[in-house]
Amino acid sequence: MTLKYLLAASMLITPAAALAQDDVPLIPREDIFGNPERAQARIAPEGDAMSFIAPVDGVLNVWVAPEGDLDAAAAITSDDSRGIRNHFWTPNGDSLLYMQDVGGNENFHLYQVDREGGEARDLTPMDGVRAQVYAMSYDHPDEIVVGLNDRNPQLHDAWKVDLETGERELVFENPGYAGLLFDDELAVRAAMQQTPGGGFNIISLDSEEPKVLVELGPEDALASNGLGFNDAGDAFYMLDTRGRDKAALVLIDAATGETREVIAESEVADISNVLFDPMTNAPLAYAVEKERVEWTPLNDEIAEDFAALDAALTGDFTVTSQSMDNTVWIVAEDSAESPATVWRYDAVNNSAERLFTMRPALEDAPLQPMQSVTIPSRDGMELVSYYTLPPGSDADGDGVPEEAQPTLLWVHGGPWARDSYGYNSVHQWMANRGYAVLSVNYRGSTGFGKNFINASHGEWSGKMHDDLIDAVDWAVEQGIAKEDQIAIGGGSYGGYATLVGVTFTPDTFACGVDIVGPSNLVTLMESFPEYWKPFLDATFYRGIGDPATEEGRAEAEKRSPINKVDAISAPLLIGQGANDPRVTVIESTQIVDAMTEKGIPVTYVEYPDEGHGFGRPENSISFFAVMEGFLSENCLGGRYQPVAGALEGSSVAVKTGAEDVPGLAEALEGFEPTVAN
């Protein structure tokens, strides 16, 4: 154990109900939620350099290193505000691109910066417009296609951008399509067209009159998707659930819409990832993920590559970047008991070189194993779930603690997303504080087939929530969770699930933590950003109901926690970004106001420079400092790192309930928030 973690043990505060794990060093919050040392590695197209993001004066920026000399890396951007979190190389390798918004408003601009550094150029300098990258191609390395919704906020037109001059040329004015598919010539060839009731058609745009190639009914809309054209441009790849439950990888004829080939399919779960050849677009391998990720190579040469990676790595892994000739891969390894590790794989010599770990401060930390389990729901659904136990609680290593533990049910957002095995910051942080942590893939989660998704429609606060309760009951029955000390928390849909938990099932949870969760499904859907409108029939309207109709509005109101505030008896912590375009600030303020009016205690924390979640590490650290004190004081009784000093550099505004978090009121005395531009 390093000196750092020996010293960290002296920082903890232990409540009167002492835990057996108190002699385990406390992991400082900044090691978990602060900036990574390095992250998001990308290989240059020619394989002669590597980029990554890393802090400059505490703010994430893009760095470039010569091939084979990571220590010679230099920062090429100079962001001093929110930090850069998404970057990639241009096809010609002369520059890099990154996306950036303001204060979390999600109106992303696309910026370009020379690989040697210098002033970044805004390729989409329009206020109130959201940019997205539609297409790039090694066949046209000096230009890209960008989508902009400047003409119609709901629709993205396609603009070709010259990477040398920055000039834009309109190449396709979108008449109403929800998505576009381009070939390697950067020509728009197909489009996704929404149909009444929540389905989609894939339309050919190869002739003057659009032609339906693929019809996706509402039952297939959320599990099927077009991926991209083959090298010849006469067919495209897609994930397809038509006539089957689990999404298969298929090749569709671009002229007839017929399925030329079923390349891969599984009865276990959807095809979750596909590795393509960078030049030929041919699929090389595919992944299926139920409890863990399993890759299947599609030819003997790639089989050798994956065998070499399996031998060198112990965790699940993903190929995140490839050189243009596919001889160099950047591979991200994910293992529950260590922070993410980045590898360079040489496909010529079948050798893997460890480059860096994202959070070296955690390499000697007391991280805990993650258990994978499939829990049956009351109506026979399979709920793939993961849990982590506090250190020292499972002496014999059988995955069950010697005595039931205070437990946090941590619910993923989406809801069309999923939890996976691997390093999980909330699991490790909360386990270190003395809690078991449980995450459940409730119905509606993606990756488990279309039937599992479709079983969620009309079940917000219904069977979707029953799944969470069933998993909690299972954890209690197994001796994992302590029945009277179970908290619920999460972000986005997870925040909604928290509010449902403390209103619809108030006797189950001892307290809740809601981060950017909707309290009123009517106001949620009525305030969605315009660019979401083309997808609402297939998602929220089908899942909940259209609030523009009498029946849909009644369903949304019935499933809204705001209408059951009187049932709240458990302590509640709410965190919100003031600029959130998806779950606007009113979702938090209206339930806080309703609780305050009725004299129900609530702690409400708001950030004026954040959107849907907390992007700035200073804000994340400040909120999680509040959260761990809140959980210890109000329901779970675990240990916590003092809040003093944790607010520094953040924009945190505690609107109410500071007195319910130990040390928070004192920390706010004289505190001056730092608001990012």
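These legends accompany an overview and several close-up views of a predicted model.

**Figure 1. Overview of the 677-residue chain.**
The predicted model contains 13 helices and 36 strands. Its C-alpha trace spans about 70 × 60 × 50 Å along the principal axes. The radius of gyration is 25 Å; a compact globule with 677 residues would have one near 26 Å, so the chain agrees with the globule rule. Buried residues account for 60% of the 677. Among contacts with a separation of 6 or more, 55% link residues 24 or more positions apart.

**Figure 2. Surface and charge of the chain.**
About 25700 Å² of the chain is exposed. Carbon and sulfur atoms supply 46% of that area. The chain carries 41 positive and 111 negative charges. The mean positions of the two sets lie 4 Å apart.

**Figure 3. The disulfide between cysteine 511 and cysteine 635.**
The count for the model is one disulfide. Its two sulfur atoms, from cysteine 511 and cysteine 635, are 1.9 Å apart. That falls within the 2.5 Å cut-off for a disulfide. Cysteine 511 belongs to strand E33 (residues 511-515) and cysteine 635 to helix H12 (residues 617-636), so the bond ties together parts 124 residues apart in sequence. Both cysteine 511 and cysteine 635 are buried.

**Figure 4. Valine 516, a residue with positive phi.**
Valine 516 sits in the loop between E33 and helix H8 (521-526). Its phi is about 45°, a positive value, although valine 516 is not a glycine. Most residues other than glycine have a negative phi. The relative accessibility of valine 516 is 3%, so this residue counts as buried.

**Figure 5. Asparagine 350, with a phi of about 50°.**
Here the loop runs between strand E26 (338-346) and strand E27 (351-357), and asparagine 350 lies in it. The phi of asparagine 350 is positive, although the residue is not a glycine. With 31% relative accessibility, asparagine 350 counts as partly exposed. The partly exposed class lies between the 20% and 50% cut-offs.

**Figure 6. The cis peptide bond between glycine 414 and proline 415.**
Omega is about 5° at this bond. Most peptide bonds are trans. Proline 415 is part of the loop between strand E30 (405-411) and helix H4 (425-432).

**Figure 7. Threonine 241 and its contacts.**
Threonine 241 occupies the loop between strand E18 (235-240) and strand E19 (248-253). Its relative accessible area is 0%, so threonine 241 is buried. Neighbours within four places in sequence are left aside in what follows. Threonine 241 then contacts Asp220, Ala223, Ser224, Lys246, Ala247 and Lys450. One of these, alanine 223, is 18 residues from threonine 241 in sequence. The C-alpha atoms of threonine 241 and alanine 223 are 6.6 Å apart in space.

**Figure 8. Proline 547 between two helices in sequence.**
The loop that holds proline 547 joins helix H9 (537-543) and helix H10 (550-558). Proline 547 has 8% relative accessibility, so the residue counts as buried. Leaving aside neighbours within four places in sequence, proline 547 touches Val522, Met525, Glu526, Tyr541, Gly552 and Arg553. Glutamate 526 is 21 residues away from proline 547 along the chain. Their C-alpha atoms are separated by 7.6 Å.

**Figure 9. Aspartate 277 in a loop between two strands.**
Strand E21 (271-276) and strand E22 (283-289) flank the loop that contains aspartate 277. Aspartate 277 has a relative accessible area of 17%, so the residue is buried under the 20% cut-off. Its contacts are Ala282, Leu284 and Asn326, not counting residues up to four places away in sequence. Aspartate 80 is 197 residues from aspartate 277 in sequence. The C-alpha to C-alpha distance between aspartate 277 and aspartate 80 is 37 Å.

Definitions and conventions
Residues numbered from 1 in each chain as written. Predicted model: local features only at pLDDT ≥ 70, side-chain atom pairs only at ≥ 80, totals over all residues. Heavy atoms only, no water. Helix = DSSP H or I, 4+ residues; strand = E, 2+ residues; numbered from the N terminus. Buried < 20%, exposed > 50% of the residue type's maximum accessible area, 1.4 Å probe, protein only. Rg over C-alpha atoms; globule rule 2.2 N^0.38 Å. Contact = heavy atoms within 4.5 Å. Areas by Shrake-Rupley, 256 points an atom, 1.4 Å probe, with all protein chains shown as cover. Lys, Arg positive; Asp, Glu negative; His and termini not counted. Charge placed at Lys NZ, Arg CZ, Asp CG, Glu CD.
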